[in-house]
Every structure is written in C-alpha cells, then in structure tokens.
Amino acid sequence: MSRKSLVIVGVLASLSLRLFADDATVNRRKAETIVKADKLFGHRYAVGNGKPLRYDKQTETGPPDGVIYGHGSSYVVELIFASDETVARVELLPETLLHSDNWSDVPNSVELSGTEMQWLVVSANVLRPLGKAVDITAAPLGCFQSGPNLYCADKYELASVSHYHLERQNEKNAMQAALREISIWYRQAVNGIVENVRVEGSQRQIKVAGQWYHGKKPGVEIFDTAQLGSTVRLVAFGCTANEKACIADPEQSRSTATQQ
C-alpha cells in the first residue's frame with residue numbers, strides 16, 4: 001500500500017473513532033437525562049389501546065423522540081429531545097392531547113394548579129437549566145387574550161415557558177383563569193456552516209448541522225441571503241429531532257427569539 005493510501009486510511013480511521021466517541025457521549029447524555037427524569041416524574045405512561053400518538057404530518061416526520069410520564073389522572077409530562085439528544089422541550093398537557101389536537105375533546109374540568117406550574121419549572125431546571133428569570137407573567141395580566149383563552153409566556157435566560165389558561169366562572173360566579181397546559185422550550189444556539197439551501201412555499205430555508213431552519217415569516221435577511229458554505233449564527237427554541245424545519249432567528253435577535 002502506498003504512503004498516500006496509508007495517510008487516507010489513517011485519516012478515515014481517526015474520523016470514525018471521533019464520530020463513534022461523539023455518538024457514545026450523546027447516547028450517555030440522553031441516558032443520564034432519562035434516569036433523572038424517571039426520578040422526577042415517576043411512572044412511565046403506557047401508549048396503547050390502539051391510539052397512535054398525534055403528530056402534524058405537514059411539519060413533523062413522526063412522533064417526537066422522547067419519553068412520556070403519567071401525571072395525576074388526566075395529565076402527562078412529555079420529555080422531548082433535540083437532534084443532539086439534549087432536552088428540547090418539557091411539556092405538561094392533558095393526556096387527551098397526545099392523540100388529538102382539538103381542545104374540545106378535553107373536558108372543561110381538566111386543569112392544573114399554580115403549584116404544579118412551579119413544580120414543572122423546578123423539575124425541568126434539574127434536567128437542563130433554564131437560567132435566571134427575565135420576565136414572568138401572571139394570567140390574565142401580560143397575556144395575549146382571544147375570547148376566553150389566555151396565552152402567556154415567561155422568559156428565562158435559557159428557555160421560554162408558555163402557559164395556556166381558560167378564563168371561566170368559578171362556583172362563586174367570579175371570573176378565574178384556569179391553567180390547562182405548560183410548555184418549556186429551551187434556547188438552542190445554532191452556529192455552523194450552511195450545508196444546503198431550499199425553498200418551501202414562500203420561504204427560503206437553510207440546513208445547518210443536519211437540521212433545516214427558517215424564519216418566523218418570509219423575508220428574514222439571513223435566510224434570504226445565506227449561501228452554501230457560509231457561516232451563520234442563529235437561535236432556536238424547542239427545536240426537536242422530528243421537525244422538518246425549525247423556526248430560528250439571527251443570534252442578535254435574542255430578545256425577539258425568546259418570545260416564542
């Protein structure tokens with residue numbers, strides 16, 4: 001074998017060992033996270049009874065890579081991973097929404113307490129830090145309201161926490177905001193080289209580190225101008241491994257990105 005061939009074989013072997021080591025590190029990190037989650041959330045939720053997990057075929061390749069835990073009689077906790085097997089999202093939602101995207105299928109009596117909100121944030125912080133609180137909202141103040149629906153968002157340095165409430169009358173005929181769902185989406189730095197470019201509908205998308213990204217709406221400059229081989233620095237929130245394309249912002253737009 002020639003000297004040049006030996007060099008090539010050596011380089012390929014070195015790359016293979018490095019990739020194997022990276023995969024082992026990623027797998028170990030995921031396994032350690034799941035061990036922590038088992039202790040925090042308790043029993044696993046058994047997906048069965050002929051009910052497939054819901055996913056949006058337009059935006060997702062299939063059900064997310066994650067683990068589901070039962071919570072009380074009506075709720076579940078979803079622990080969902082990103083493509084690098086870090087935690088992308090932690091969500092506390094009615095069990096019904098695992099199989100349906102229609103809130104009308106969820107009984108009106110199903111709701112969460114404020115204590116459960118605090119518990120989920122503390123638990124998620126153990127799995128992956130949220131950082132310091134930047135802006136915390138209390139329903140209905142500071143929330144977007146559409147009819148009886150209240151959509152609220154808390155900002156942390158490393159995550160965005162959204163919570164959905166339903167405004168309704170209590171037994172004393174006073175209006176009250178019932179907490180019904182909580183979603184924690186972690187901040188993800190996307191720094192890398194543009195591997196590919198495509199146009200989907202009215203949006204130009206770019207591929208970085210194996211994942212496709214696009215702006216919140218058409219016309220975001222970095223997505224319209226980035227070329228193959230160019231370096232980009234983006235920020236995404238809650239980007240999961242099963243998404244066909246994730247929403248991202250230029251890194252300098254961090255304050256805007258955290259509003260997701």
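Q: Which residue's backbone oxygen does the side chain of Q203 reach at 3.1 Å?
A: In this predicted model, Q203 lies in strand β9, which covers residues 203-208. Beyond its neighbours within four places in sequence, Q203 is in contact with several residues, among them H214, K216 and P218. The backbone oxygen that the side chain of Q203 reaches at 3.1 Å belongs to G215.

Q: With which side chain does the side chain of Q203 make a polar contact of 2.9 Å?
A: The contacts of Q203, leaving aside neighbours within four places in sequence, include R198 and K217 as well as a histidine. The polar contact of 2.9 Å joins the side chain of Q203 to that of H214.

Q: Is Q203 buried or exposed?
A: The cut-off for a buried residue is a relative accessible area under 20%. Because the relative accessibility of Q203 is 13%, this residue counts as buried.

Q: What distance separates the C-alpha atoms of Q203 and G219?
A: Along the chain, Q203 and G219 are 16 residues apart. In the model, the separation of their C-alpha atoms is 7.7 Å.

Q: Why is strand β11 described as largely enclosed by the rest of the structure?
A: Strand β11 runs through residues 231-237, and seven bridges join it to the antiparallel strand β8, residues 175-200, while three bridges join it to strand β12, residues 246-250, also antiparallel. The strand is largely enclosed because, of its seven residues, those that are buried number five.

Q: Which residue of β12 is the bridge partner of V235?
A: Strand β11 pairs on the β8 side through bridges that include the one between N191 and R233. Towards β12, to which β11 is joined by three bridges, the partner of V235 is D249.

Q: How far apart are the end C-alpha atoms of helix α2?
A: Helix α2 holds 14 residues, 114-127, and at 1.5 Å a residue it should span 20 Å. The computed distance agrees with that expectation, since the end C-alpha atoms are separated by 21 Å.

Q: What arc around the axis of α2 do its buried residues M117, L120, V121, S123, A124 and L127 cover?
A: The residues M117, L120, V121, S123, A124 and L127 are buried in α2. They lie on the same side of the helix, because the arc they cover is only 170°. On the other side of α2, the residues T115, Q118 and V122 are exposed, so the arc asked for, that of the buried residues, is 170°.

Q: What share of the chain's residues is buried?
A: The chain has four helices and twelve strands. Among its 260 residues, the buried share is 40%.

Technical notes. Residues numbered from 1 in each chain as written. Predicted model: local features only at pLDDT ≥ 70, side-chain atom pairs only at ≥ 80, totals over all residues. Heavy atoms only, no water. Buried < 20%, exposed > 50% of the residue type's maximum accessible area, 1.4 Å probe, protein only. Helix = DSSP H or I, 4+ residues; strand = E, 2+ residues; numbered from the N terminus. Pairing = 2+ DSSP bridges. Expected span 1.5 Å × (residues − 1). Arc of directions from axis to C-beta. Contact = heavy atoms within 4.5 Å. Polar contact = N/O pair within 3.5 Å; in protein donor to acceptor, adjacent residues only side chain to side chain.
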